Amino acid sequence: MSKVIIIGAGAAGLMAAYGAALNGCDVTVFEKNEKCGKKIYITGKGRCNLTNACEPDEFFDSIVSNSKFMYSPFYSLTNYGAMDLFSDTFGLEIKIERGNRVFPASDKSSDVIRALTAALGRMGVKIRLGTQVTGLIINDKKVCGVKCSDLEYNADAVIVATGGLSYASTGSTGDGYEFAKCAGHSIMKLSPALVPLETKQRWVTQLQGLSLKNINVTFTSGGKKIYSDFGEMIFTHYGVSGPVILTAGSYIGDRVSAGGVVELSIDLKPALDFERLAKRIDRDFEEHRNQQFKNSLRGLLPAKLIPVIVKLSEISPEKKVNSVTREERNKLARIMKNLSCTITRLRGYNEAIITRGGINVKEINPATMESKLCKGLYFAGEVIDVDAVTGGYNLQIAWSTGYLAGISAGQS
Ligand SMILES: Cc1cc2nc3c(=O)[nH]c(=O)nc-3n(C[C@H](O)[C@H](O)[C@H](O)COP(=O)(O)OP(=O)(O)OC[C@H]3O[C@@H](n4cnc5c(N)ncnc54)[C@H](O)[C@@H]3O)c2cc1C
């Protein structure tokens with residue numbers, strides 16, 4: 001019986017174990033934490049957005065780096081394949097929410113971990129918790145096993161599924177990059193991705209905790225649009241976060257990290273063009289004609305945002321609405337259509353949903369996930385240079401690459 005060792009009991013490693021066990025192999029997973037799936041546990045705010053029920057061929061539009069590499073792994077276990085596997089084989093009830101996001105029906109990420117590990121238990125997969133792999137044993141460009149402090153374990157195939165560098169407390173401390181380097185692999189530049197953004201303007205911090213829905217964000221650099229999106233965001237004590245901001249980070253991150261000036265413009269009223277918004281302001285002002293300006297915006301803006309907009313408009317807060325001039329009204333409308341701030345920095349790995357970069361995909365066979373440089377060595381999950389936007393796509397990358405690596409390693 002061929003022996004397969006998997007390093008890491010995260011999403012990719014657990015799915016790889018399932019794939020290898022399907023082939024009747026002797027499968028052992030080494031996990032340095034005291035429990036499996038520590039990162040799965042915190043996904044989707046504890047609810048685990050485990051995949052996205054988009055049309056399978058639309059999946060690739062959501063992959064930011066190396067989408068072509070993902071063809072073969074994805075079609076070995078598609079999003080629908082993963083949904084069937086979780087519901088029919090692992091017995092996990094799932095549901096589909098807004099944006100095709102798939103969650104366990106219980107809203108508990110722990111149920112995803114439980115379903116997966118229970119299936120592995122039934123298949124005889126061994127999981128060695130609290131066991132850190134410290135290196136690979138490689139002879140003649142072929143992997144023969146792994147080292148754990150002073151012990152060595154031999155194997156016919158080893159799958160590296162150690163994750164990236166984000167949220168290091170979950171166990172993702174970049175060990176897999178070192179293993180890959182020892183096997184001769186190159187690592188593409190690593191950076192935090194799907195990460196909140198810091199801003200220069202002080203008024204942003206006043207809005208801490210304010211969440212905005214149905215807004216449009218546009219990022220520009222040197223007057224050129226680089227990214228635009230519609231959805232939800234939140235202000236924080238250092239800047240901005242939330243779904244549209246995290247996704248934007250994947251497209252503007254390199255420019256910000258390189259010191260480029262990137263401006264964020266928030267359209268608070270995307271459903272109204274400038275003229276219609278100006279008319280709406282006129283209507284509201286007519287209704288509140290004898291009120292002070294600062295008290296006249298309640299129908300238009302969330303309470304927390306009003307003092308900030310009043311300040312930016314430079315209209316005296318105490319001014320009676322009926323004496324606010326046309327020019328001032330237009331300025332107010334312009335600010336609502338273009339509330340702008342400057343992005344200064346990306347937050348770090350500890351707040352990044354994923355790590356961008358990783359093991360060079362050119363050195364991995366996408367039909368099997370096997371290293372092109374070292375026989376019997378396979379890679380799966382975030383440790384590879386593939387990443388996607390939010391919405392369940394990153395876990396799908398882990399399921400697909402893990403499954404293919406497991407199946408292939410089991411056959412080798
Ligand atoms: C807060 C947060 C929320 C997220 N929400 C979502 C979401 O809802 N949907 C989605 O699709 N994606 C989400 N993601 C991203 C997703 O969780 C990851 O892309 C995915 O979990 C990566 O899986 P992985 O198995 O490759 O790595 P990991 O989950 O990081 O697993 C790697 C495992 O390897 C172990 N390990 C590492 N080195 C060693 C070693 N030397 N020896 C033994 N074990 C080792 C680690 O302890 C860890 O358990 C989220 C991420 C974060 C941080």
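In which sense does α1 pass α5, left-handed or right-handed? The crossing is left-handed. The views below come from a predicted model.

**View A. Helix α1 packs against helix α5.**
The α5 helix covers residues 109-122. The axes of α1 and α5 lie 10 Å apart, at an angle of about 30°. Angles under 35 degrees count as roughly parallel, and α1 and α5 are therefore roughly parallel to each other. From α1, the contact takes Leu14, Ala17, Tyr18 and Ala21. From α5, Leu116, Thr117, Ala119 and Leu120 take part. By class, this contact of α1 with α5 has 7 nonpolar residues, 1 polar residue and no charged ones.

**View B. Helix α1 packs against helix α12.**
Here the axes are 6 Å apart and the packing angle is about 35°. The crossing of α1 past α12 is right-handed. On the α1 side, the contact residues are Ala11, Ala12, Gly13, Met15, Ala16, Ala17, Tyr18, Gly19, Ala20 and Leu22. On the α12 side, they include Leu395, Ala398, Trp399, Gly402, Leu404, Ala405, Gly406 and Ile407. Among the residues of the contact of α1 with α12, 16 are nonpolar and 6 are polar, while none is charged.

**View C. The shell around the ligand has 39 residues.**
Five glycines come nearest to the ligand: Gly8, Gly10, Gly163, Gly171 and Gly381. Three elements give two or more residues to this shell: α1 (11-22), α2 (38-42) and α12 (393-411). By class, the shell divides into 16 nonpolar, 17 polar and 6 charged residues. Helices α1 and α12 of this shell are also the pair that packs in View B.

**View D. Three strands form an open antiparallel sheet.**
The strand order is β8-β9-β10. Strands β8 (135-139) and β10 (151-154) stand at the edges. Each edge strand has a single partner, so one side of each is left without a neighbour in the sheet. Neighbouring strands are turned by 30° against each other on average, direction ignored.

**View E. Strands β9 and β10 pair in the antiparallel sense.**
Strand β9 spans residues 142-148. Its pairing with β10 runs over 4 bridges. Strands of a sheet pair through backbone hydrogen bonds. One bridge to look for joins Val146 to Tyr153 of β10. Strand β10 is also one of the two edge strands in View D.

Conventions: Residues are numbered from 1 along each chain as its sequence is written. This is a predicted model: local features need pLDDT of at least 70, side-chain atom pairs count only at pLDDT 80 or more; totals for chains, interfaces and linings use all residues. A residue is near a molecule or strand if its C-beta atom, placed from the backbone, lies within 6 Å of it. Ala, Val, Leu, Ile, Met, Phe, Trp, Tyr, Cys and Pro count as nonpolar, Asp, Glu, Lys and Arg as charged, and the others, Gly among them, as polar. Two strands pair if DSSP finds at least two bridges between them. Axes are lines fitted to C-alpha atoms, for helices over the stretch in contact, and angles run from 0 to 180 degrees between N-to-C directions. A crossing is left-handed if the near helix is turned anticlockwise from the far one by less than a right angle, and right-handed if clockwise. Two residues are in contact if their C-beta atoms, placed from the backbone, lie within 7 Å. Angles under 35 degrees count as roughly parallel, over 145 as roughly antiparallel, 65 to 115 as roughly perpendicular and the rest as oblique.
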